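Reader: Could you walk me through how the structural labels get assigned here?

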There are 2 protein chains.
Amino acid sequence: MTACLITIGDELLQGFTIDTNSAWLGQTLLPLGISIRQRITVPDDTEAIISAVSQALKTGYTFIFVTGGLGPTRDDITKAAFKTIFKTDEYFDEKYYRQLTERFKKRNFKIPSLNRSQAMLLTDCEHIPNRIGTALGMRFVHGKSSVFALPGVPAEMKAMVLETILPEYLPQATFKRIVTLQTTGIPESKLAEDVRDILDNNARGFGFAFLPHHTGVNLRIRQKPGTNDEVKEKLINRLIQRLGTHYFGRDGETLENVVGKMLLGSGKTLSVAESCTGGLLSKRLTDIPGSSRYFFGGVVSYSNDLKRELLGVPEELLSRFGAVSAPVATAMAEGCKARTGTDFALSMTGISGPGGGSDEKPVGLVFIALAYSSKTQVKKLNLIPERTLHREMTVTAALDQLRRFLLHKTSREEGNILT
Amino acid sequence: MTACLITIGDELLQGFTIDTNSAWLGQTLLPLGISIRQRITVPDDTEAIISAVSQALKTGYTFIFVTGGLGPTRDDITKAAFKTIFKTDEYFDEKYYRQLTERFKKRNFKIPSLNRSQAMLLTDCEHIPNRIGTALGMRFVHGKSSVFALPGVPAEMKAMVLETILPEYLPQATFKRIVTLQTTGIPESKLAEDVRDILDNNARGFGFAFLPHHTGVNLRIRQKPGTNDEVKEKLINRLIQRLGTHYFGRDGETLENVVGKMLLGSGKTLSVAESCTGGLLSKRLTDIPGSSRYFFGGVVSYSNDLKRELLGVPEELLSRFGAVSAPVATAMAEGCKARTGTDFALSMTGISGPGGGSDEKPVGLVFIALAYSSKTQVKKLNLIPERTLHREMTVTAALDQLRRFLLHKTSREEGNILT
């Protein structure tokens with residue numbers, strides 16, 4: 001089964017609205033074994049809609065989903081286009097208009113005259129109820145294709161798909177066909193080399209894709225029809241084993257969540273001292289409800305003054321080694337741990353840019369320290385010299401340093417240790 | 001000038017990745033007078049790319065932007081497609097390969113064999129440098145159309161557009177046709193009422209749209225063809241005057257940037273004490289390069305222990321009024337100001353949820369305090385009881401409190417003052 005999505009809207013093309021409907025439809029249809037082959041966005045223009053839908057009908061997709069262009073202020077351009085494409089007639093539906101009037105009355109509004117057009121319906125199609133808004137959806141059948149016209153408002157579109165289209169027109173999902181394994185600390189090409197033999201041996205039953213981000217690489221596994229679940233589970237376990245400590249979670253789990261669960265499980269607490277990341281690590285840790293059970297907070301010591309005042313970093317270290325150095329990172333983590341009384345303290349000091357770099361200490365350089373019991377582990381990294389990415393990568397590297405520490409309970413197998 | 005965007009990726013069609021590139025390109029091209037007429041997403045499949053690009057060339061758009069399909073593990077499908085479409089040859093670029101090898105070396109990695117393909121380049125095109133990643137961009141000219149192939153990774157794509165394509169290949173914007181005025185602290189319906197007469201009187205030459213967000217409402221003004229710039233400037237000035245203190249900036253300027261410039265201009269410094277926002281305010285302030293000139297940092301006092309230890313909040317206040325109270329917000333701001341030595345200190349303590357609420361102190365409640373000279377201004381707000389929105393709205397309200405203070409240089413005209 002194949003599908004094509006056609007989304008309508010000037011505001012989508014102009015970028016004032018980000019198209020989240022398409023991603024949602026993709027995620028909803030994929031587990032049902034429906035492969036989305038193309039997605040097209042066209043302006044609020046009847047001719048453009050007619051051309052896109054006609055082209056999709058010619059290609060012969062099993063399902064064509066058209067979203068948008070059904071609202072009362074948008075001149076019902078989708079309805080006009082469908083009237084032409086399917087050569088249907090229009091009629092005024094008294095019963096639906098009465099329903100609409102009732103709904104407005106319940107909310108103490110007189111029905112606006114604009115809404116009369118919502119009761120002008122097309123013949124030769126099935127109408128899909130709209131629990132949330134006023135525009136009805138439509139389903140046309142053309143050869144082997146089903147064409148759905150849905151509102152562009154996400155809540156209305158989703159309700160129609162979940163409450164009417166899936167149960168009435170689409171086959172049931174039987175099992176989860178897609179698994180995503182998440183890694184960090186290993187480049188895409190190295191990862192691909194490491195697992196190549198496993199992927200090659202399983203190419204018949206599965207599809208694979210590497211999805212690189214700046215903070216890690218995901219490996220996505222798609223189970224092809226006819227492959228059984230037991231084989232899938234075995235494959236996943238083998239891959240996780242091979243990925244080793246680089247693997248941290250699956251199916252969208254975040255690193256802060258993984259680390260949080262590890263801290264909670266071991267009854268340990270954490271505080272952080274942030275310089276270049278300026279609060280981003282604290283922000284991500286506290287994105288998680290309940291994080292106060294293991295995360296106490298910390299210090300954003302963006303200036304050298306605060307490194308001294310709030311963390312007790314000796315002036316001598318700052319002037320001798322500079323704020324971006326292993327000794328200062330160490331003193332920040334140790335000072336943070338001493339003042340907050342947590343089991344662990346993470347510190348970060350680096351040059352995110354765009355300014356502040358030198359030959360000796362270029363933009364991208366960062367030192368991350370992890371203080372625990374009476375020891376401190378420091379890492380020196382050269383990350384991408386772009387401010388936003390540098391800050392995100394630093395936070396990921398810090399969380400990952402703690403994750404690997406908790407995993408190994410020893411620092412000996414870690415690379416790059418300076419002190 | 002017209003444009004067509006072609007984005008490549010199974011993960012986009014399947015919805016694992018939301019296509020933010022297209023919206024960003026739309027927003028970037030629109031003010032240059034480039035009208036995006038169509039947007040197409042195709043799978044990781046050479047034939048599909050060839051078909052979409054060929055169709056776009058036939059339509060004759062001025063610009064065709066193709067994003068994605070350039071990574072080392074994705075079989076360079078875009079390169080293969082372009083090789084076919086433009087009938088070009090391929091060559092191995094020794095010099096670029098040496099550059100790549102150097103870059104991997106700097107990060108302590110041996111260059112993986114897969115990356116060799118990144119130095120296989122096509123003839124008959126101009127290459128666009130990639131400061132962040134490894135895949136080069138391409139520009140082909142075909143009749144009156146320019147075709148750009150760009151990486152799908154947003155940071156890499158954006159850097160190429162901003163640093164190479166806009167300055168080198170796109171005509172300069174002659175005048176800005178779209179202006180967005182940003183407000184905060186006023187509901188959409190009130191805003192619409194306040195400016196209605198101005199909009200009505202200018203409906204012939206301009207289009208208007210209200211764009212509400214949870215942290216404020218934007219008013220978008222579109223200059224219709226034939227309207228002159230002087231009229232536009234007058235209208236904008238009148239609207240800004242009418243919007244009064246609710247107006248804080250235009251065309252995507254952030255509140256943290258506006259406040260930063262005001263602090264810099266008055267030679268004042270700021271620190272922050274964050275509880276419920278957990279570092280988000282610090283993060284946003286330090287998103288801005290150079291913010292260290294006025295922002296020193298602060299404390300994330302997520303636990304009560306840290307409110308006492310790092311900010312000197314008396315235990316008596318915590319036990320008598322609770323952590324979410326005006327006296328504790330005041331003590332946090334004053335403690336932060338005393339310990340950091342800055343001119344201003346902002347503090348926030350609230351209940352972001354989902355847990356922690358009560359009848360007396362429901363989820364959504366927050367106290368924001370601003371300490372300055374020997375006084376402290378506290379506000380109590382009831383915001384949306386959803387964790388992410390609550391944290392964002394709290395940070396916006398805190399920045400806005402400081403902005404209005406700096407604007408008025410007095411607190412007397414502010415509402416909601418508790419102490």
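Author: Here is a short talk about one helix pair and one sheet. This is a predicted model, where local features need pLDDT of at least 70, side-chain atom pairs count only at pLDDT 80 or more, and totals for chains, interfaces and linings use all residues. Residues are numbered from 1 along each chain as its sequence is written, and chains are lettered from A in the order in which they are written, with ligands numbered from 1.

Reader: Why is H3(A) called oblique to H4(A)?

Author: The axes of helix H3 (residues 46-59) and helix H4 (residues 77-85) of chain A cross at roughly 50° and come within 9 Å. Under 35 degrees would be roughly parallel, over 145 roughly antiparallel and 65 to 115 roughly perpendicular, with the rest oblique. So H3(A) is oblique to H4(A).

Reader: Which residues of H3(A) make the contact?

Author: Thr46(A), Ile49(A), Ile50(A), Val53(A) and Ser54(A) do, facing H4(A) residues including Ala80(A) and Ala81(A); contact needs C-beta atoms, placed from the backbone, within 7 Å. By class, the contact has seven nonpolar, four polar and no charged residues.

Reader: What makes S10 and S12 of chain B edge strands?

Author: The open sheet runs S10-S11-S9-S12 in chain B, with antiparallel pairing. Strands S10 (206-213) and S12 (247-250) each have a single partner strand, so one side of each lacks a neighbour in the sheet.

Reader: How do you know that S10(B) and S11(B) pair?

Author: Pairing takes at least two bridges found by DSSP, and S10(B) shares eight with S11(B), in the antiparallel sense. Phe206(B), for one, has Gln223(B) as its bridge partner in S11(B).

Definitions and conventions. Axes fitted to C-alpha atoms, helices over the stretch in contact; angles between N-to-C directions. Helix = DSSP H or I, 4+ residues; strand = E, 2+ residues; numbered from the N terminus. Contact = placed C-beta atoms within 7 Å. Nonpolar A, V, L, I, M, F, W, Y, C, P; charged D, E, K, R; others polar.
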